[in-house]
Amino acid sequence: MDLDFWWLLVIPVAFALGWMASRYDLKALLSESANLPRSYFRGLNFLLNEQPDKAIDAFIEVAKLDPETVELHFALGNLFRRRGETDRAIRVHQNLLSRADLPANERDHALYELGQDFLKAGMLDRAEETFGTLKSGDYAQGAQRALLTIYEIEKDWNRSIETARQLETMGAPPLGLEIAQFHCELAQEALQRKNPEEARRQLGLALKANPQNVRATILAGDVDAASGDAQSALMQWKRVEPQNPAYLPLVAEKVMKAYDTLGRAPEGAQLLTEWVDRHSQNDLLDVAYKYVAELNGPDAAHTLARTQMQKSPNLAGMTRLLEAQQAVAEEPRRSELELMRKLIQQRTKNLPRYTCQNCGFRARLFYWQCPGCSGWETYAPRRVEPIPASS
Ligand SMILES: [Zn+2]
């Protein structure tokens, strides 16, 4: 009985304590808001009434009166930029910069944000100019990274290499993978200008920056082939297998063409069959199947498709197997097989082939740089097996 009585007392005591605490909070809040300038509330009011221009003016007034509100400007500027209202973001950051009393680090921060506004607005010249002023301080590395993005967009590969090297000296993680790709871009340009010496020089530099770079090996073959040396081109492309066999589908057609040029097409078909056997890839099977059927006949193609289907069953392989069976079948079985093959093909043919492992962007063509997120070597060099729709 005594115990119950004491428990009842706890409730009013807790209530009284809560009331006192809330009064204390309210007092603290009131004294804090008394310190805030009226412009701050005017600004908030304009913002709530969806009059952002007037709100900015009010907040700029706050910033003039009280340097502590600089963060408020950065928050507003970033908000506008994220919403795509870059002209407003630019105005906010430019206004901050116009203040003579802005501390050096806040000035760097404002310059960095202004550069990002210009970049987002596509004003690359002004972005480059702004980031270029941030040579030292807390924002120097971020500015350098932004400059790298700008040079990549402009396809200025020499300056991209220079900037990436600069970033490495500033303590950024190694950028060998990117630098090798920039050299490959320069090699490709040299190849288009019909300057094989320069192309080979760039490819050497690419492999020096990143010995795992397969693109340089493939391009080295392209340069030899363009110079009319199919034999050397073949030697280069064959090096893709020990380097990284996942990329073999990218050279399968090239290899076949080189063997054909040399008048040794059956050897090419044999090599492709061996590659399919060793690495079981659909994209390789597609190329190998076409040439084996053409050179060695439907039975050889059927054996190739069946062996692969047993090794790694999938829809793309199934299409090839049905095609092989159809080639040797009699009517009416032939029509049945064709119907099945077409049905499977319909499900697979329109689906995108390559998927960016970074942003998920899908493309029918293979890219060394993702068109979605601009990442380098983010595409696995194989088509993704389509997921059949459940119905
Ligand atoms: Zn991507």
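A search of the whole structure, a predicted model, identified 18 salt bridges. Side chains of opposite charge can pair when their charged atoms come close. One such pair joins the side chains of glutamate 85 and arginine 88, with an N to O distance of 2.2 Å. Both glutamate 85 and arginine 88 are buried.

A salt bridge also connects lysine 290 with glutamate 253, at 2.7 Å from N to O. Because lysine 290 belongs to helix α17 (residues 282-296) and glutamate 253 to helix α15 (residues 249-261), this pair ties together parts that are 37 residues apart in sequence. Lysine 290 is partly exposed, its relative accessible area being 40%, and glutamate 253 is likewise partly exposed, with a value of 26%.

Within helix α20 (residues 333-349), glutamate 338 and lysine 342 are four residues apart and therefore separated by about one helical turn. The closest N and O atoms of their salt bridge lie 3.3 Å apart. Glutamate 338 is partly exposed at 27% relative accessibility, as is lysine 342 at 45%.

A network of salt bridges links Arg81, Glu113 and Asp117. Arg81 also takes part in the contact between helices α4 and α5, where this residue, Val70, His73, Phe74, Gly77, Asn78 and Phe80 of α4 meet Thr86, Arg88, Ala89, Val92, His93 and Leu96 of α5. By class, six nonpolar, five polar and two charged residues make up this contact. The axes of α4 (residues 70-82) and α5 (residues 86-97) come within 7 Å and cross at roughly 160°, so α4 is roughly antiparallel to α5. The crossing of α4 past α5 is left-handed.

Key: Residues are numbered from 1 along each chain as its sequence is written. This is a predicted model: local features need pLDDT of at least 70, side-chain atom pairs count only at pLDDT 80 or more; totals for chains, interfaces and linings use all residues. Side-chain values use heavy atoms; hydrogens and water are left out. Axes are lines fitted to C-alpha atoms, for helices over the stretch in contact, and angles run from 0 to 180 degrees between N-to-C directions. Helices (H or I, at least four residues) and strands (E, at least two) are DSSP runs, numbered from the N terminus. Angles under 35 degrees count as roughly parallel, over 145 as roughly antiparallel, 65 to 115 as roughly perpendicular and the rest as oblique. A crossing is left-handed if the near helix is turned anticlockwise from the far one by less than a right angle, and right-handed if clockwise. Contact means heavy atoms within 4.5 Å. Ala, Val, Leu, Ile, Met, Phe, Trp, Tyr, Cys and Pro count as nonpolar, Asp, Glu, Lys and Arg as charged, and the others, Gly among them, as polar. A salt bridge is a side-chain nitrogen of Lys or Arg within 4 Å of a carboxyl oxygen of Asp or Glu. Buried means under 20% relative accessible area, exposed over 50%, partly exposed in between (1.4 Å probe, protein chains only).
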